[in-house]
Amino acid sequence: MPYSPERASITSKQLLIHNLMESASKLQKHFQTEDDDERRWMIRNCNNPLVIEFLQESTVMMLHVIDAIGKLEPVNGASISKEFGIPKGSVSKVTRRLLEKGIISTEFLPDNKKEVLFRTTALGREVFELHQALHRQMNIGIQLFLERYTEEELSFIIRGLEDTMEATWTEPETIAAKFAGQHSAAAEEPLFTGESPELQQITAMLRQLDERSLKKAKTILQDVFFTSY
């Protein structure tokens, strides 16, 4: 096929998109190991054997529920679910376990004995405060890390995250409709034949980016997830 600058540009963009999707897959695995790192930090910075014992067997969801109760107490299960986006079934299951372990306690309203309100116990409050300290530590690290990027690069990251939040990967036609006119007609065709539907759906959205933006995305992902500090 004869060479054309336009075709060369598309090929380069396809490669960048492919690399970006591979990075996204590795990002998912990276976050799965982050939970263990956070737990280890909390254990290292705790002197209470009872708290350490709880942390060693706790789940991420348990810590999220403790965080919600600590911020809103006294609070009922419905409010925890609504304010923090935790499914009601998960709230019920987790609060039962936390009650058994003495992390939280229950109380009732004077005029309503049916509505259960949750509070942290002294032990639970210690877990909550330790978790808050972890978040403060992480925020410092994130702030220092992001300082390395320009305002233009940070704006690009925000744009990508906001677009991603509005996208529905299982319905690629909604992506095409939302970003109509922002990408080439070639976006309607699968970029990598034989790839999973999820990757093809991600491609439909990423095609809206120009080559310069994709190069920035690749650089940022490389710095964030594949560079050791």
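Here is a friendly walk through this structure, from its overall layout down to single side chains.

The model is predicted, so local features are described where pLDDT is at least 70 and side-chain atom pairs where pLDDT is 80 or more, while totals for chains, interfaces and linings use all residues. Residues are numbered from 1 along each chain as its sequence is written, and side-chain values use heavy atoms, with hydrogens and water left out.

Let us begin with the overall layout. The protein chain has 10 helices and 2 strands. Both kinds of element are DSSP runs numbered from the N terminus, with helices (H or I) needing at least four residues and strands (E) at least two. Reading from the N terminus, you meet the elements in the order α-α-α-α-α-β-β-α-α-α-α-α. Of the 229 residues in the protein chain, 32% count as buried. Buried here means under 20% relative accessible area, exposed means over 50%, and partly exposed is in between, using a 1.4 Å probe and protein chains only. The accessible surface of the protein chain comes to about 14500 Å², and 54% of that surface belongs to carbon and sulfur atoms. Such areas come from the Shrake-Rupley method with a 1.4 Å probe, and for residues only the protein chains shown count as cover. As for contacts (heavy atoms within 4.5 Å), take those in the protein chain between residues at least 6 apart in sequence: 64% of them join residues at least 24 apart.

Now to the strands. Strand E1 (residues 104-109) pairs with strand E2 (residues 112-120) in the antiparallel sense, over 6 bridges. Two strands pair if DSSP finds at least two bridges between them. E1 and E2 form a hairpin, with 2 residues between them. To find one rung of this ladder, look at Ser 105, whose bridge partner in E2 is Arg 119.

Next comes the interior. In soluble globular proteins, nonpolar side chains tend to be buried together. A nonpolar core is a set of buried Ala, Val, Leu, Ile, Met, Phe, Trp, Tyr and Cys residues joined through side-chain atoms within 4.5 Å. The largest one in this structure has 26 residues, and those with the most contacts inside it are Phe 54, Leu 55, Ile 80, Leu 98 and Val 127. H1, H2, helix H3 (60-72), H5 and H6 each supply at least two residues of this core. H3 gives the most, with 6 residues. Leu 98 makes a good place to stop and look around: leaving aside residues up to four places away in sequence, Leu 98 touches Phe 54, Met 62, Val 65, Ile 66, Ile 103 and Ile 104.

Between H2 and H3 there is a loop, and Ser 58 lies in it. Ser 58 counts as buried, at 5% relative accessibility. Not counting residues up to four places away in sequence, Ser 58 touches Arg 39 and Leu 63.

Charged side chains give another set of landmarks. Side chains of opposite charge can pair when their charged atoms come close. The structure holds 7 salt bridges, each a side-chain nitrogen of Lys or Arg within 4 Å of a carboxyl oxygen of Asp or Glu. In one of them, Asp 37 meets Arg 40, with the closest N and O atoms 2.3 Å apart. Asp 37 and Arg 40 sit 3 residues apart in helix H1 (residues 5-44), so about one helical turn separates them. Another salt bridge joins Lys 101 to Glu 57, with the closest N and O atoms 2.5 Å apart. Because Lys 101 lies in the loop between helix H5 (88-100) and E1, and Glu 57 in helix H2 (residues 49-57), this pair ties together parts that are 44 residues apart in sequence. Lys 101 is partly exposed at 32%, and Glu 57 is partly exposed at 40%. Glu 129 and Arg 125 also form a salt bridge (3.5 Å, N to O), and a network of salt bridges links Glu 73, Arg 125 and Glu 129.

The last stop is a meeting of rings. Rings of Phe, Tyr and Trp (its six-membered ring) pair if their centres lie within 6.5 Å; planes under 30 degrees apart count as stacked, over 60 as edge-to-face and the rest as tilted. By this rule there is 1 aromatic pair. Phe 145 and Tyr 149 form it edge-to-face, 5.8 Å centre to centre with 70° between the planes. Phe 145 is partly exposed, with a relative accessible area of 22%, whereas Tyr 149 is buried, at 8%.
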